[in-house]
Number of protein chains: 4
Amino acid sequence: MSTLTDALLNELRLTVARVDERAVDDACAMLAEAGRIVVCGCGREALQMQGFAMRLFHLGLPVSVAGDMTAPPLGAGDLLFASSGPGETATILSLMRTARDAGAGVLLITAQPAGSAARLADRLLVVPAQTMADDRGEKRSSAFPMGSLFEGAMFVLFEAMVLKLKHRLGVTDEVMRARHTNLE
Amino acid sequence: MSTLTDALLNELRLTVARVDERAVDDACAMLAEAGRIVVCGCGREALQMQGFAMRLFHLGLPVSVAGDMTAPPLGAGDLLFASSGPGETATILSLMRTARDAGAGVLLITAQPAGSAARLADRLLVVPAQTMADDRGEKRSSAFPMGSLFEGAMFVLFEAMVLKLKHRLGVTDEVMRARHTNLE
Amino acid sequence: MSTLTDALLNELRLTVARVDERAVDDACAMLAEAGRIVVCGCGREALQMQGFAMRLFHLGLPVSVAGDMTAPPLGAGDLLFASSGPGETATILSLMRTARDAGAGVLLITAQPAGSAARLADRLLVVPAQTMADDRGEKRSSAFPMGSLFEGAMFVLFEAMVLKLKHRLGVTDEVMRARHTNLE
Amino acid sequence: MSTLTDALLNELRLTVARVDERAVDDACAMLAEAGRIVVCGCGREALQMQGFAMRLFHLGLPVSVAGDMTAPPLGAGDLLFASSGPGETATILSLMRTARDAGAGVLLITAQPAGSAARLADRLLVVPAQTMADDRGEKRSSAFPMGSLFEGAMFVLFEAMVLKLKHRLGVTDEVMRARHTNLE
């Protein structure tokens, strides 16, 4: 495997390099200090949010996935971590409004800091990647379809955040692993 | 609505009436006393298990759904609550073996007390309803397709168990409701 | 099992008896004639919608569950079948608006025909049951918590609709069963 | 973002470079020619399988996710695409056996070509990355926890496969995008 995967890895490198590390550290602080955390996203973004949620669970943080049967209500001191690459995902805007109205903090990962979602967030994690907001015509900038670049950047960024949080929280590999389910 | 719904409600009544109430109370005790609870099932049975899991969560019990990102490992003192109407669902048998090997208790809801699943369980909740084990030919006994009767009986039985557990645990309606997520 | 399950079955009978059979037949017609069908709901209502979706799939109808990876876009000739018991579920309102704007038909199952969701629907299936819109104080009418009665009524009603659709579409038990997945 | 993300991207590059491109092309051929495709995996691997399934759906292939309400049965001419990084995931082994017994083809993505899963597959896609089979002690080779490297490599590899399949099937970006759901 070569040309195609190199092209994607190169796009991922250029994208992730442009993410503001201070915003990443602020996001980690919000996650580490939240009372309860719920993550949400749509489509393939939802998958990356879920993958991150599993690692947050391994780290011992009180995290749930929106829509799961055991997701709690959010209120003051809690955090909704939402994903909206294109910044206009209607159901995500709706969940962000609910969380805000209930007094919870809202952290958003997005490629569109001027979008509607950004206006509902307390803090942004901006990943400057192509999404379905700019994947057509002259705006198109990636060799990969729709929001694939954004989703891949989510994966890479979240793995780095897991290592940062692991260090911050003083969690060992053994402890993380012991929290992994055996029901597979 | 009349003939068809009456037919189903009548089948449900006859089915649920044949469930042993002592087995139901034993199941409630296992759930109330377990360290951690994970529920699992396949297809439409999985849905009824998930619905029950949400109410157990409302009751304050430490429950997760197998396959969710935040499902924990099970070990001694924990409980796998599995559903296998026909008693031979391969992936459920596999999860039951894993839980047993890890020292967790296994509670099974099934229509087939002589099936493979029953042999892997510590305790059975037998619902004598048609499932995909006996929905064809002479064995067929329900006007409803495949395992619908079993699944409907799960719903009815679980609601009764929620009331029993609510009483046993001394949880109020207000407390249950306050645990319901606002992220909808 | 007895008092508790009888109480629930009795509530279910009284509730389902008040559903307008003509509205049920109209709903069946919409489902039978739709180009593509997507179902959606939140929490435990989502589970009942998913259970119905599996049976629609067994009947050979082109159905998907909102949020699944293989859910298609909806447009003219297609149908969104939404559930909002309390009539105000924010993310469901959002999906209903999207479907309407795209030209798709919208069928709603609800307990609140005067709610916001009802105003976005082309057709209603009204199930007069307690939901989280009226489960507290003087409005409370069920022995069961929150929306359990509505959800149970969904199950019963959907099973009746499956039999009606089976007859209408001329599908046999054998054909339905042959469409059930073996990957369990 | 820098050191951590560079480390992961570098590990991903080295891993993906060692994947046999002929095996990738064979896997694409199996997917393109299958009657029906079902994907399965556990935990975070399941998420990457689901993300790939959405793109296969965009490409017009007849794909479903195991466990979804609309997943079909598999038989002769069909394909189960399973993921088992560590090669011993019990429920995945179970699904692979069911698919084989039903006459379906089985494609496996794994890091352990000598594992139990590999023996049940018709064809392998080997990704030589750390998984939970070798993430402890001297075997440990990645800076990232458990199977993160394998899961990230799945993402990168699948994106390359999407481009290969797009070319092979003659599908345009516009057609793929038009198949993306608007219900978000």
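# Close-ups of a predicted model

**Figure 1. D:Lys166 and its partner.** D:Lys166 is buried, with 17% of relative accessible area. That label holds because anything under 20% counts as buried. Keep in mind that this model, like every view below, is predicted. The side chain of D:Lys166 forms a salt bridge with the side chain of D:Asp173, 3.1 Å from N to O. D:Asp173 sits on the other side of the cut-off: its relative accessibility is 23%, so it counts as partly exposed. Taken over all chains, the structure has 50 salt bridges, and the next two views pick out some that link chain A with chain D.

**Figure 2. A buried salt bridge from chain D to chain A.** Here D:Glu159 and A:Arg44 meet through their side chains, with 2.6 Å between N and O. This pair runs between chains: D:Glu159 belongs to helix 6 (residues 148-169) of chain D, and A:Arg44 to helix 3 (residues 43-58) of chain A. Buried or exposed, what is D:Glu159? Buried, at a relative accessible area of 2%. A:Arg44 is buried too, at 6%. The pair doesn't stand alone, either: a network of salt bridges links A:Arg44 and D:Glu159 with A:Glu151 and D:Arg55.

**Figure 3. Helix 1 to helix 1, across chains A and D.** A:Arg13 and D:Asp6 pair up in a salt bridge between their side chains, at 3.7 Å from N to O. Again the pair crosses from chain to chain, this time from helix 1 (residues 3-17) of chain A, which holds A:Arg13, to helix 1 (residues 3-17) of chain D, which holds D:Asp6. Both ends have some accessible area: A:Arg13 is partly exposed at 25%, and D:Asp6 is partly exposed at 37%.

**Figure 4. The axis relating chain A and chain D.** Turn chain A by 180 degrees, with a shift of 0.0 Å along the axis, and it lands on chain D with an RMSD of 0.0 Å. That is why the two copies are related as by a two-fold rotation axis. Which residue of chain A comes closest to the rotation axis? A:Leu47 does, with its C-alpha at 2.7 Å. Both copies use the same surface here, as 100% of the contact residues of chain A recur in chain D.

**Figure 5. The axis relating chain B and chain D.** Chain B also superposes on chain D, by a rotation of 180 degrees and 0.0 Å of shift along the axis, with an RMSD of 0.0 Å. In chain B the residue that comes closest to this axis is B:Thr91, at 2.5 Å (C-alpha). The copies meet through the same surface, because 100% of the interface residues of chain B are interface residues in chain D as well.

**Figure 6. What chain B brings to its contact with chain D.** Seven residues of chain B and seven of chain D make up this contact. Together the two chains bury about 560 Å², with 79% of that area on carbon and sulfur atoms. Three residues, B:Met69, B:Thr91 and B:Ser94, account for 61% of what chain B buries against chain D, more than any other three. How many salt bridges are there between chain B and chain D? Zero, and the number of residue pairs in polar contact across this interface (both at pLDDT 80 or more) is zero as well. On the side of chain B that touches chain D, helix 3 (43-58) and helix 4 (90-101) are the elements that give two or more residues. Helix 4 of chain B gives the most, with four residues. Sorted by class, this side of chain B has four nonpolar residues, three polar ones and no charged ones.

**Figure 7. C:Gln130 in its loop.** C:Gln130 lies in the loop that runs between strand 5 (123-126) and helix 6 (148-169) of chain C. Being in a loop doesn't leave C:Gln130 out in the open: at 1% relative accessibility it counts as buried. Setting aside neighbours within four places in sequence, its contacts include C:Asp135, C:Arg140, C:Phe144, C:Pro145 and C:Phe150. Polar atoms of the C:Gln130 side chain lie 3.0 Å from the backbone nitrogen of C:Ser141 and 3.0 Å from the backbone oxygen of C:Met146. As a landmark, C:Gln112 is 18 residues away along the chain, and its C-alpha is 9.5 Å from that of C:Gln130.

Terms used: Residues are numbered from 1 along each chain as its sequence is written. Chains are lettered from A and ligands numbered from 1 in the order in which they are written. This is a predicted model: local features need pLDDT of at least 70, side-chain atom pairs count only at pLDDT 80 or more; totals for chains, interfaces and linings use all residues. Side-chain values use heavy atoms; hydrogens and water are left out. Contact means heavy atoms within 4.5 Å. Buried area is the accessible area (1.4 Å probe) that two parts lose on being put together, summed over both. A salt bridge is a side-chain nitrogen of Lys or Arg within 4 Å of a carboxyl oxygen of Asp or Glu. A polar contact is a pair of N or O atoms within 3.5 Å; within protein, one must be able to donate a hydrogen and the other to accept it, and residues adjacent in sequence count only if both atoms are side-chain atoms. Ala, Val, Leu, Ile, Met, Phe, Trp, Tyr, Cys and Pro count as nonpolar, Asp, Glu, Lys and Arg as charged, and the others, Gly among them, as polar. Copies are superposed by least squares on the C-alpha atoms of residues with pLDDT of at least 70 in both. Buried means under 20% relative accessible area, exposed over 50%, partly exposed in between (1.4 Å probe, protein chains only).
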